Amino acid sequence: MSTLVIVESPTKAKTIRNYLPKNYKVIASMGHIRDLPQSAKDIPEKIKDQPWSKLGVNVADDFAPLYLIPKSKIKIVQELKKQIKTADQLLLATDEDREGESISWHLMEVLKPKVPTKRMVFHEITPEAIEEALKQCREIDDKLVRAQETRRILDRLVGYTLSPLIWKKIAFGLSAGRVQSAAVSTVVRRERERRSFKKAAYWDISANLEFDKISFESKLSSVSGKRLATSKDFDEHTGKILENKDIVLLGEKEVQDLKQKALDSTWQVKSLEERSATRKPAPPFITSTLQQEANRKLGMSARNTMRLAQSLYEKGLITYMRTDSTHLSAQAITATRKCVKEMYGNKYLSEEVRTYKSSNKRAQDAHEAIRPAGSAFKTPKESGLTGKDLALYELIWKRTVATQMTDAELTYLTAEIEVANMVFKSSGKRIDFPGFFRAYVEGTDDPFSALESQESLFPPFKTGDALNLIKSECQAHETMPPARYTEASLIKKLEAEGVGRPSTYATIISTIIDRGYVTMNNNALIPTFTAFAVTSLLEQHFPHLVDLGFTANMEDTLDNIATGEVEWLPYLKDFYSGDNGLAKQVMQRESQINPEEARTISFDDLDGLIKIGRYGAYLELNKGGEICKATIPNNIAPADLDNESIDRIFKLKEEGPQILGRHPENDKPIFVLDGKYGPYVQWGDVTDEKIKPKRVSLPPGKKPEDIDMQAALGLLSLPRTVGLHPESGKKIHSNIGRFGPFICHDLGKEGKDYRSLRPKEGDDPVTITLERALELFAIPKKSRGRGRAKALIELGNHPETDNAVSIFNGPYGYYVKHGKTNVAIPEGMIYDKLTLEEAIGLIRSKSEKKSPSKKKKASQE
């Protein structure tokens with residue numbers, strides 16, 4: 001008997017084919033084979049005159065959807081029908097979630113198979129899982145299908161009813177959506193908080209102290225028994241100290257006086273405190289936490305994370321990647337604990353089996369968390385993966401393995417240092433036993449390096465010991481507005497509010513970016529002025545649609561439709577066609593919305609108005625009775641637009657690009673311009689021959705009006721060779737980078753050593769001297785107050801680099817260090833018996849593991 005199996009993708013088909021009997025044929029449907037019409041041209045002529053045709057949903061006929069087969073899927077459908085004719089049985093093996101159930105239902109509706117048909121469901125693509133799935137075939141779950149269809153219809157009704165209204169009132173081509181608008185409003189509210197934020201300034205003193213030739217950092221904590229003001233002591237709306245705060249706020253003069261006083265006084269340890277703590281491993285990944293961690297650690301967008309995870313699932317390497325459950329099966333726990341024993345030893349295995357229950361009440365714990373597939377996990381090295389696929393699989397593997405490891409045992413250290421009438425405070429941390437840190441440290445993809453950097457140890461001082469002051473520095477601070485959302489933090493916020501589901505987070509983020517409501521800069525999500533206008537309109541006239549609680553309740557209702565607790569049709573009728581339904585709301589309020597007001601944004605502290613036009617946001621300013629207009633540059637965020645920026649924008653429009661002069665080398669003009677990423681100087685015109693003339697960003701804090709010809713020539717001379725380092729003979733150069741001005745000591749094969757310049761101390765990349773550069777390089781890089789570890793054994797120098805090869809004792813054992821390379825000494829090797837040759841062998845072994853991907857990248861370039 002021949003059996004036809006239909007899955008969504010060729011990759012999934014290729015993998016599953018290996019685990020099925022020979023008389024089974026697998027074919028891909030390439031996702032959904034039909035959907036609601038995507039544009040007016042898709043709508044059949046015979047129904048174009050129907051009032052509901054543009055919706056694609058017949059609201060008068062119990063919300064009957066109009067499903068169409070796209071032209072791109074016609075040949076696929078024909079091939080599927082052809083294959084069914086030669087089959088004795090049909091298995092629909094699409095994904096296990098609602099979307100997969102919906103795809104299977106559409107296949108049934110379109111193909112109308114005359115042979116026995118069953119639904120085949122599995123959580124992972126392994127021989128055992130496929131064998132079990134064949135035994136557990138079932139009928140299509142109509143409740144899941146109906147829930148997914150209701151979601152699709154609901155999204156269509158909201159989008160296609162509200163969007164035309166927004167076109168009329170603000171600008172053509174804009175859109176609104178059930179979840180999209182709630183997400184945009186969340187980002188807009190954060191930007192409003194930033195805009196209303198009032199900065200406050202405060203000063204403190206940092207000291208670099210030394211004991212037993214080990215240095216550490218300390219900060220001024222109190223003066224004459226009163227705690228020093230910090231950022232948390234200020235009201236973010238007024239910029240003033242909060243009421244009932246018994247603290248001292250220092251200005252520049254006061255800290256300079258205290259600094260001088262401290263220079264003439266004795267520094268000694270006043271008290272030492274140790275506090276023990278344990279850290280438990282995080283639960284295994286669910287969809288949202290995988291997206292968040294991949295964004296933080298690997299810099300991946302939610303969309304790319306899901307694309308790669310889908311590929312790993314279809315290759316049979318991980319379990320299904322759309323889940324909100326942290327549950328691990330008995331098989332998974334057994335495989336995980338075996339992994340811990342083999343990789344790290346029994347002392348790292350938790351005594352009791354760790355089980356995880358989802359804190360989210362909506363989670364479906366019948367499903368499993370995202371983990372490596374099978375009853376024996378493939379290590380990242382065994383996976384055969386490379387690049388980003390490998391990075392994501394390794395992230396999932398490490399997180400899963402860590403769930404069955406012991407707690408990390410830590411000691412938090414606090415030292416109070418007394419000098420004159422001041423108390424300085426230092427904080428540190430000691431890792432007594434790394435436990436699960438050995439495999440997984442949140443926020444980094446290199447646990448070994450992370451463990452070393454997480455420790456911040458003190459020198460071996462005791463109470464009463466005198467300390468040496470190396471350097472003290474007065475520091476000015478400003479309170480910071482609330483941070484903008486990143487992809488990771490927005491997903492976390494939406495999940496906490498109950499907005500969206502595992503399958504929708506990536507789509508939500510990509511939609512609000514693709515439709516121009518949000519831009520991304522350095523991983524921060526910044527709302528556009530258009531987002532402000534649309535959100536304001538919705539808040540004023542349809543507040544429930546941007547209310548996170550209302551949107552979350554809609555999600556819950558859709559979940560309840562899937563379980564049969566709620567009937568789908570009455571819900572749709574009430575939402576859309578009821579007395580207070582969306583259709584009537586839009587009809588009633590359309591005449592109440594003034595287009596001129598809807599496309600205008602007014603900030604109380606700005607002289608002009610912001611308006612949304614056909615080509616984006618622009619400024620409107622009344623100058624002596626004349627209305628002047630100017631486009632707002634893309635790089636200015638709503639929270640950052642002020643009157644000074646407005647003056648600069650109008651000045652640039654009125655005067656045109658500012659030509660400072662001509663370069664003495666070739667007589668080409670030098671401009672000061674304002675671009676997408678801020679002001680910059682440009683050498684020469686943009687021509688067909690040279691599309692991009694040399695451009696250099698202005699240093700932080702510098703404005704176009706601050707730049708004269710001399711300053712421009714200096715900036716255009718960057719990168720600038722400062723001189724040669726006397727010890728290495730290698731070049732030191734200065735430049736301005738993404739994070740401000742810096743100097744760099746190029747050490748060749750050994751890498752590059754960077755130091756940030758300090759503009760407040762007069763450092764300038766154009767004028768910095770070799771003497772000042774060497775002074776900055778002599779200051780050790782800050783490492784969160786941690787003293788530099790001392791080598792236990794110096795084995796000698798590496799013959800290829802002539803750099804030292806040493807043995808150190810780290811948080812979880814001994815390791816070899818060569819330059820920036822750290823290699824753990826394997827169990828069984830005795831650290832104090834290790835030879836230089838054996839250490840070099842360990843270093844080479846680690847380098848060889850990295851070299852294949854590097855060679856591949858080089859060949860691609």
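Biologist: In this predicted model, which side chain meets Asp95 in a salt bridge?
Modeller: The contact joins Asp95 to a lysine, with N to O at 2.7 Å. Asp95 sits in the loop between β5 (89–92) and α3 (98–111), while its partner belongs to helix α1 (residues 10–17), so the pair links distant parts of the chain, 83 residues apart. The partner of Asp95 is Lys12.

Biologist: Are Asp95 and Lys12 buried or exposed?
Modeller: A residue is classed as buried when its relative accessible area is under 20%. Asp95 falls in that class, and Lys12 does too. The answer for Asp95 and Lys12 is buried.

Biologist: How many residues apart in sequence are Arg138 and Glu101?
Modeller: Arg138 and Glu101 form a salt bridge whose closest N and O atoms are 2.9 Å apart. Arg138 lies in the loop between α4 (127–135) and α5 (142–169), and Glu101 lies in helix α3, so their salt bridge ties together parts separated in sequence by 37 residues.

Biologist: Is Glu101 buried or exposed?
Modeller: Its salt-bridge partner Arg138 has 28% relative accessibility and therefore counts as partly exposed. For Glu101 the relative accessibility is 0%. The cut-off for the buried class is under 20%, so Glu101 counts as buried.

Biologist: Which helix holds Glu539?
Modeller: Glu539 forms a salt bridge with Arg192, and the closest N and O atoms are 2.9 Å apart. Arg192 lies in helix α6 (residues 180–196), so the pair ties together parts that are 347 residues apart in sequence. Glu539 lies in helix α15 (residues 529–541).

Biologist: What is the relative accessible area of Glu539?
Modeller: Arg192, on the other side of the salt bridge, is partly exposed at 29% relative accessibility. Glu539 is also partly exposed. Its relative accessible area is 25%.

Biologist: How many salt bridges does a search of the whole structure find?
Modeller: Some residues are linked in a network: Arg98, Arg501, Asp556 and Asp559 are connected by salt bridges. Searching the whole structure gives a total of 49.

Biologist: Which are the edge strands of the open sheet with the order β25-β26-β27-β28?
Modeller: The sheet has 4 strands with antiparallel pairing. From one strand to the next, the twist averages 25°. An edge strand pairs on one side only, and the two that do so are β25 (720–724) and β28 (752–756).

Biologist: Which residue in β27 stands opposite Ile736?
Modeller: Strand β26 (residues 731–737) runs antiparallel to strand β27 (residues 740–746), and 6 bridges join them. Opposite Ile736, in β27, stands Pro741.

How values were computed. Residues are numbered from 1 along each chain as its sequence is written. This is a predicted model: local features need pLDDT of at least 70, side-chain atom pairs count only at pLDDT 80 or more; totals for chains, interfaces and linings use all residues. Side-chain values use heavy atoms; hydrogens and water are left out. A salt bridge is a side-chain nitrogen of Lys or Arg within 4 Å of a carboxyl oxygen of Asp or Glu. Buried means under 20% relative accessible area, exposed over 50%, partly exposed in between (1.4 Å probe, protein chains only). Two strands pair if DSSP finds at least two bridges between them. Axes are lines fitted to C-alpha atoms, for helices over the stretch in contact, and angles run from 0 to 180 degrees between N-to-C directions.
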